[in-house]
There are 2 protein chains.
Amino acid sequence: MADWRVSPGLALDEMVAERLARGESIVHLGVDEVRLPAFDPLVEHLVAGADRTSHGPVAGSRALREAAAGYFTRRRLPTGADQIVAGPGSKPLLLALNLVVPGDVIVPKPAWDTYAPQAGLAGKKVFRVPIPPQAGGVPDPVALRDTIIAARALGRDPRIVVLTLPDNPTGTLAAPDLVREICLIAEQEDLLIVSDEIHRDLLHDPGTRMAGPAEFAPSRTVVTTGLSKNLALGGWRVGVARFPDGAWGRRIRDGVIAFAGEVWSTVAGPVQRAAEYAFAEPPEIRRRLADSARLHGSVARAVHRIMVGAGAVCRPPVGAFHLYPDFSPVGDKLAARGVTDSASLSRQLLDEHGIVVLAGHLLGDDEDALRFKASMSTLYGDTAELRQLALDSPDPAGLPHVSDLLTRIGESFEKLCG
Amino acid sequence: MADWRVSPGLALDEMVAERLARGESIVHLGVDEVRLPAFDPLVEHLVAGADRTSHGPVAGSRALREAAAGYFTRRRLPTGADQIVAGPGSKPLLLALNLVVPGDVIVPKPAWDTYAPQAGLAGKKVFRVPIPPQAGGVPDPVALRDTIIAARALGRDPRIVVLTLPDNPTGTLAAPDLVREICLIAEQEDLLIVSDEIHRDLLHDPGTRMAGPAEFAPSRTVVTTGLSKNLALGGWRVGVARFPDGAWGRRIRDGVIAFAGEVWSTVAGPVQRAAEYAFAEPPEIRRRLADSARLHGSVARAVHRIMVGAGAVCRPPVGAFHLYPDFSPVGDKLAARGVTDSASLSRQLLDEHGIVVLAGHLLGDDEDALRFKASMSTLYGDTAELRQLALDSPDPAGLPHVSDLLTRIGESFEKLCG
């Protein structure tokens, strides 16, 4: 039997649930899920779709594909409904791409912890390329070229590069010039670009300019997104992929649809109804997206100050709800406490301070690096009321229930690095 | 790129949709989906779960797993919640089993058209073993032994046998003695048994005795089911797998959970809420199941009479909503009309009579066999009102809107075989 291991993020969630059940006080910065109260208009549309007990097209209802096409078109990516395939989350769509498109996969280092196991499921080898100093979510261009050459010398065939814009785990966004440079390499080396843009609507500053690879390399970029992060609907399970126009794009799309037909059949009907509404982005949805982005940004900036204050270097967060600090500047102090690598850093944070983070090596980073991913979403409150308060606040990090947690985190890191 | 083809059933649906759009009159007997009005109490529970926007355990909520455990326990399979994993339909659970459990796969011939492509996705070879004369859904025991020997002589390693109880496509049920015999072979040859029991609640006669392989070979049988067929919820996407108790069962279960975590994460939360209610089987759900079974049986028996009347041999239907007639007794008459094999039979039915069936060779049967699958579910009415009428009727086949279609089918087959 193959060695099937539960993904580290999910294993972490279960460990935390056990500790909480034992009455321990935990600050859980290892959650990739956004936990916010259900948004009433979304619930209303789900309810309106409750009678969708028959499954329609595998790729999703025509209305859903048209709404998603509109979503992309409004983001400078003119899109027809036939370029869209929906799935129960973007995760299964990413797996389908791995199975349909041949060749090995290049992912940034670090990267979201699902890319590599999915590539492995499809029998692909994964090449990890360090991210550049400016931002995560993309491989460093020079290292990317070197990796492709080295991989081919080994007889491998890298054909897919995965980008994450904005990025999980670093909470940063690769600038348009950097994205363009990656696209140029993809053109020269004949790579398919998979652009995971599930956090696109969570850029903290509405003025931040984002240009995805589909703008520079439209014929070779598949974009994925979903409603799990921007609208905090992880439990409803819906994502979409946008395929390139043209024969090659249609061929990949048809492959993904064929795979979907053998695996998940279609997205749950009532959820499709809600997604039709959400992707159309009426004003109240746009407001909700803006509120969510403000909340994530406010808390991420506060935690960033804490990490930097404790001695870490850390790219400033501009999107999503994550940070990826590097504690090597205070490596000597940490070593004195027995913290010498990624695993011991996360273990000491848990054992001594009750703080859960996702260790960097679980995201493909070096085992001896003093890095981890911290996610913000559990800092917004323990109850729906507190979370709503945080969502509505012009200064979420200043709310008492949030700032109490920030204080606790700050004190812990001062002790750890002091 | 691998040759990804859309599954034949789905391709058929799309072809039919196009013809209907052109105004053609079609009798669609190629639909595997049950189309019945949404059942109000199920809708109410889905709505009550609309606020489940966070995803809980990958395997499904504790309440859902407990309800499903109760469902199996009431069917002579004592089951703990920890033996259950839920998925968005039983289909992805079946794929996960293929990926987690090594070795090649044996499926009945004919069988549901998803088993073989899923095995192929997992890199397995598929061995098809003819069904015995008594019933489909299981391989003929003698042929099963022969196939295992022959496969091993070829250097292959058959390790999984898939059973379908009651069966799609034949609408029959293997008797307990036959199931026991297959289980004995599985014990002797060390095969995992995957028992697809998604039609279990649709035995037409409530007195029919069913014994599944988990009763005879509890340590090596995984049972799958779902709510798509029995409660006509194909569009909501929920199924469950029941794993054997013990270390080996836990290991397979953990593998399936790990796969699920990388692919579909969890079942849509509101759907889980409805499934918690459905698997608990309160009286109104049991009545609904009984009504559905009566409807399927009434119409399947009527179509069976038509097929036999036209000269086919056909196992009498006892469960599900399918028939699998064999027109070889009237092969000469068909040959005179240019019908000489599975493909030409289904084509002539469509072109000359507007009747859509799923040709037997698409289910793994011999290409030159004059066999096809006919599904009943589109015969119940074009509107929710007519379908409800059929569901409520003590004699659904006698309703005017149903009997009109039966008359049309009867006349077509008389012409085809006359």
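This is a short tour of a predicted model, with a suggestion at each stop for what to select and what to look at there.

**Stop 1: where the chains meet**

Start by colouring chain A and chain B separately, then select the residues that touch across the boundary. Chain A gives 56 residues to this contact and chain B gives 56 residues. The size of an interface is often given as the accessible area lost when the parts come together. Here chain A and chain B bury about 4600 Å² between them, with 64% of that area on carbon and sulfur atoms. Try looking for charged pairs across the boundary: zero salt bridges are found between chain A and chain B. Polar contacts are there, however, with a count of 24 residue pairs between the two chains.

Now keep just the chain A side in view. Which elements give two or more residues to the side of chain A that touches chain B? They are α2 (40-48), α4 (90-100), α5 (115-121), α9 (247-263) and α10 (269-280) of chain A. The largest share, ten residues, comes from α9(A). If you colour this side of chain A by residue type, you will find 34 nonpolar, 13 polar and nine charged residues.

**Stop 2: a strand with two partners**

Next, select residues 239-242 of chain A, which form strand β8. G239(A) and A241(A) point one way from the strand, V240(A) and R242(A) point the other way, and all are buried. Add residues 84-87 of chain A, strand β2, to the selection: β2(A) and β8(A) pair in the antiparallel sense over four bridges. In this pairing, I84(A) stands opposite R242(A). Then add strand β7, residues 221-226 of chain A, which also pairs with β8(A) in the antiparallel sense over four bridges. Here T225(A) is the residue opposite V240(A).

**Stop 3: a threonine in chain B**

Hop over to chain B and select T224(B), which sits in strand β7 (residues 221-226) of that chain. Is T224(B) buried or exposed? T224(B) counts as buried because its relative accessibility is 0%. Show what surrounds this threonine: beyond its neighbours within four places in sequence, T224(B) is in contact with residues including S90(B), L94(B), D196(B), V240(B) and A241(B).

**Stop 4: two arginines in loops**

Back in chain A, pick R209(A), in the loop between β6 (192-196) and α8 (213-216). At 49% relative accessibility, R209(A) is partly exposed. Setting aside its neighbours within four places in sequence, its contacts are R76(A), L173(A) and P176(A).

From there, step across to R76(A), itself partly exposed at 44%. Its side chain meets that of E215(A) in a salt bridge of 2.8 Å, N to O. R76(A) lies in the loop between α3 (62-73) and β2 of chain A, while E215(A) is in helix α8 of chain A, so the pair ties together parts that are 139 residues apart in sequence.

**Stop 5: a network of charges**

For the last stop, select R371(A) and D326(A), whose closest N and O atoms are 2.7 Å apart in a salt bridge. R371(A) is in the loop between β11 (358-359) and β12 (372-375) of chain A, and D326(A) is in the loop between β9 (322-323) and α12 (331-336), so this pair ties together parts 45 residues apart in sequence. D326(A) counts as buried, at 12% relative accessibility. Widen the selection to see the network of salt bridges that links K109(A), D326(A), D365(A), D366(A) and R371(A).

Technical notes
Residues are numbered from 1 along each chain as its sequence is written. Chains are lettered from A and ligands numbered from 1 in the order in which they are written. This is a predicted model: local features need pLDDT of at least 70, side-chain atom pairs count only at pLDDT 80 or more; totals for chains, interfaces and linings use all residues. Side-chain values use heavy atoms; hydrogens and water are left out. Contact means heavy atoms within 4.5 Å. Buried area is the accessible area (1.4 Å probe) that two parts lose on being put together, summed over both. A salt bridge is a side-chain nitrogen of Lys or Arg within 4 Å of a carboxyl oxygen of Asp or Glu. A polar contact is a pair of N or O atoms within 3.5 Å; within protein, one must be able to donate a hydrogen and the other to accept it, and residues adjacent in sequence count only if both atoms are side-chain atoms. Ala, Val, Leu, Ile, Met, Phe, Trp, Tyr, Cys and Pro count as nonpolar, Asp, Glu, Lys and Arg as charged, and the others, Gly among them, as polar. Buried means under 20% relative accessible area, exposed over 50%, partly exposed in between (1.4 Å probe, protein chains only). Two strands pair if DSSP finds at least two bridges between them.
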